[in-house]
Every structure is written in structure tokens, then in C-alpha cells.
Amino acid sequence: MEHKPEIIPGEQGVIEAARHPDATTVVTGIVGCAGLKPTVAAIEAGKDIALANKETMIAGAPFVLPLAHKHNIKILPADSEHSAIFQSIQGLPKGALRKILLTGSGGAFREWPAEKMKDIKLADALKHPIWSLGRKITIDSATLFNKGLEVIEAHYLFGADYDDIEIVIHPQSIIHSLVETQDSSVIAQLGIPDMRLPLLYTLSWPERIYCSEITWPRLDLSKYGSLTFYAPDDKKFPSVNLCYAAGRAGGTMTGVLSAANEKAVELFAEEKISYLDIFKVVELTCQEHQKELVASPSLEEIIHYDQWARQYAVGLQKFSSV
């Protein structure tokens, strides 16, 4: 009998693909909480996870991490910064990690004076100085929400306290992140800005696959001359403190922050709110959620508050300065 493919549309189709019996590793690259259910399905089916979906950790970690432990599943980061941290800790004994130094390019407005930030338009926010990214991630880079969210993700992935995770702006994006060990040694992973390399390592770990210059260029440090670093400006970018506060609150707060930011970015992209309103929407949504925060949420509660945060954020657009 001729084999006929089975076509399953929508969310259920993605879930079935994630737990397909022929797969051993599943790359989770869906943006937002939409990637949570397929990731859970893959874990329950015994698949290792190549993690490219932030919300799996940011919103879902209180549920996902115990589930992965139960099924003896490896979660390997495919994001550039978290892959760099993961590569840098290879071979370190338990307890050797002292601090995580999470690098970021600084986004489109790293050199803008604070007084000009109120005039930012969508076209300005979509001009990333280094990386070629999608619209949502590029705007997150412009607000530094991407870096704050990565702090939360690093906390869950590597078990580091928030006091031991530091953001460092590194405009050249050659050092993708660093770790400090207990004896004060600092170990870094360097490479050209190319998302294919961390994804390759995630899928080939613990092996290293040979790549020629035809695959992608090799790093030549002499062409760069100097690498620079500085601390983020948390007055220009209140996103950093918002993310640390949400991370320390824990439970459903991190998912609410992420969902509110996702909806705020959408509203900004539709020119319904201003750039500075993105920060206000996220802050007000998190403040409102403090009344109902769940410390150890179920998957259903995580999804419920993700939807709640989006709806609440939409209601805040009436206060926009646009």
C-alpha cells in the first residue's frame, strides 16, 4: 500500500512533530509561549532539547526543569550567549562556577543620548548594528529586554544566583559570553557573529565538527584591533532592572514579564505605543501580577498567566504617549 503522509494543522501538528518517534533531538525555535507545549511533548517523549525558545526557561522553567529531570533529558542552549556559557563551563568541576558575564551588543541605541530616546521610531529600532535578526528580537535588542530575559534564562539553565549574573555591553559581539571561576580565572568563547555556530555545537555536543572557510569565515582577531566593554545604562534601559526584579520574584512573574514585553513590542511595531511605552507596559503589568503570583505553577497556570499578561498589556495602550 502506498504510504500517505498524515497532515495535522495548528498547534497539535507542531506537538506531534515534536514527539515524532524518529527524532532524538528537537530544536525548539518557536517564538513565545507557543513553543512551550511542543517542548513539553518532546520531553515527555524522551527527546533531548536544543533550546532556541527563551520562553521554555523564562516562563516554563518551574515546570519544565523538574519534568526534564524526571525523563533524564538534556536541555542544551542554542542561543549565542548561553551556548558560549555552556561551552565555557565544559570541564569545570561542580561548584567551580563563580559568576556569569553575559555579553550584549547594546542594540541600536547604545550611543543615543537619553534625551533623544523619546523620539525613537520603529525604523530606528529595527537597525541592529551587528546581528541579522527577526523583528521581535531586534526590537528586544534595542530595549535591552533581550539581555534581561537572557539573565533569567541563564539563572535557570546554569543554576547561578541573580547576584552572580552580570550584563556586559560588548559592541563588537566577538566574545559571546564569559564565566568567572572560583579562583578568579575568566573563560570566554569567541567567534564571528553567526548563529549557525552555537546551533551546530548544540546539535553536535560533545563532539566538534570540522568546518572549513567555505562553511563560514574563521575569526581573525587582528582585523578587529580592539574589543571594548562597558556596563549597561539602566536609566536609559529600565528593562534590565525590571528583568532582575521579575527573576527574583520567580514563579509566574517571569512568564508575565516576557508575555507583556512580547505584546508591548507588537503594539510598538503597529505604532500603537511609543518606544518608551514598552517599558511602562511591562512594568505596570508586572506590578498588577504581584497580587496573583504563583510560586510553583503548573503548566496550565503558566499558560493562563501568559494569556492574562497579553490581555492586560493591550488594555494599557490607552495610556500611550503616541
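A residue is called buried when its relative accessible area is under 20%. Tyrosine 201 has a relative accessibility of 6%, so tyrosine 201 counts as buried. The model in which this value was computed is a predicted one. Tyrosine 201 is part of helix H9. Threonine 138 stands 63 residues from tyrosine 201 in sequence. In space, the C-alpha atoms of tyrosine 201 and threonine 138 are 23 Å apart.

Two annotated domains were considered next. UniProt, in an unreviewed entry, lists residues 3–60 as "domain: 1-deoxy-D-xylulose 5-phosphate reductoisomerase N-terminal". Helix makes up 38% of residues 3–60, and strand makes up 14%. The C-alpha atoms at the two ends of this span lie 37 Å apart. Residues 190–312 carry the name "domain: DXP reductoisomerase C-terminal" in UniProt, again from an unreviewed entry. Residues 190–312 are 54% helix and 1% strand. Their end C-alpha atoms are separated by 41 Å.

The strands were then examined. Strands of a sheet pair through backbone hydrogen bonds, in either a parallel or an antiparallel sense. One open sheet has 3 strands, and its order is S1-S2-S3. Pairing in this sheet is parallel. Strand S1 (25–28) and strand S3 (75–77) are the edge strands. Each of them pairs on one side only. From one strand to the next, the twist averages 25°. Strand S2 covers residues 48–51, and 4 bridges join S1 to S2. The two strands run parallel. Within this pairing, valine 26 has isoleucine 49 of S2 as its bridge partner.

A second open sheet was also found. This sheet has 4 strands in the order S5-S4-S6-S7, and the pairing is mixed. S5 and S7 each have a single partner strand, so one side of each has no neighbour in the sheet. These two strands therefore stand at the edges. Direction ignored, neighbouring strands of this sheet are turned by 20° against each other on average.

Both senses of pairing involve strand S4. Strand S4 spans residues 97–104 and strand S6 spans residues 175–181. The two run antiparallel and are joined by 4 bridges. Lysine 99 has glutamate 180 of S6 as its bridge partner. Strand S5 is formed by residues 165–169. S4 and S5 pair in the parallel sense, over 5 bridges. Isoleucine 100 has its bridge partner, isoleucine 165, in S5. Threonine 103 is likewise matched with a residue of S5, valine 168.

Backbone geometry was inspected for departures from the common pattern. Most residues other than glycine have a negative phi, and most peptide bonds are trans. Serine 184 is not a glycine, yet its phi is positive, at about 80°. The loop between S6 and strand S7 (186–190) holds serine 184. With 45% relative accessibility, serine 184 counts as partly exposed. Glutamate 271 also has a positive phi, near 60°, in a residue other than glycine. Glutamate 271 lies in the loop between helix H11 (253–269) and helix H12 (275–289). Its relative accessible area is 56%, so glutamate 271 is exposed. A cis peptide bond leads from tryptophan 205 to proline 206. The omega of this bond is near 5°. Proline 206 is located in the loop between H9 and H10.

The loop after helix H9 also contributes to a feature of the surface. Helix H9 spans residues 196–204 and helix H10 spans residues 239–249, with leucine 219 in the loop between them. Leucine 219 counts as partly exposed, at 30% relative accessibility. Leu219 belongs to a nonpolar surface patch of about 310 Å². Leu190, Leu221 and Tyr224 also make up this patch.

Definitions and conventions. Residues are numbered from 1 along each chain as its sequence is written. This is a predicted model: local features need pLDDT of at least 70, side-chain atom pairs count only at pLDDT 80 or more; totals for chains, interfaces and linings use all residues. Side-chain values use heavy atoms; hydrogens and water are left out. Patches are made of residues with over 30% relative accessible area and no salt bridge: like charges are joined within 9 Å, nonpolar side chains (Val, Leu, Ile, Met, Phe, Trp, Tyr) within 5 Å. Accessible areas come from the Shrake-Rupley method with a 1.4 Å probe; for residues, only the protein chains shown count as cover. A salt bridge is a side-chain nitrogen of Lys or Arg within 4 Å of a carboxyl oxygen of Asp or Glu. Buried means under 20% relative accessible area, exposed over 50%, partly exposed in between (1.4 Å probe, protein chains only). Two strands pair if DSSP finds at least two bridges between them. Axes are lines fitted to C-alpha atoms, for helices over the stretch in contact, and angles run from 0 to 180 degrees between N-to-C directions. UniProt positions are given in the numbering used here, feature names are shortened, and annotations may be inferred rather than shown by experiment.
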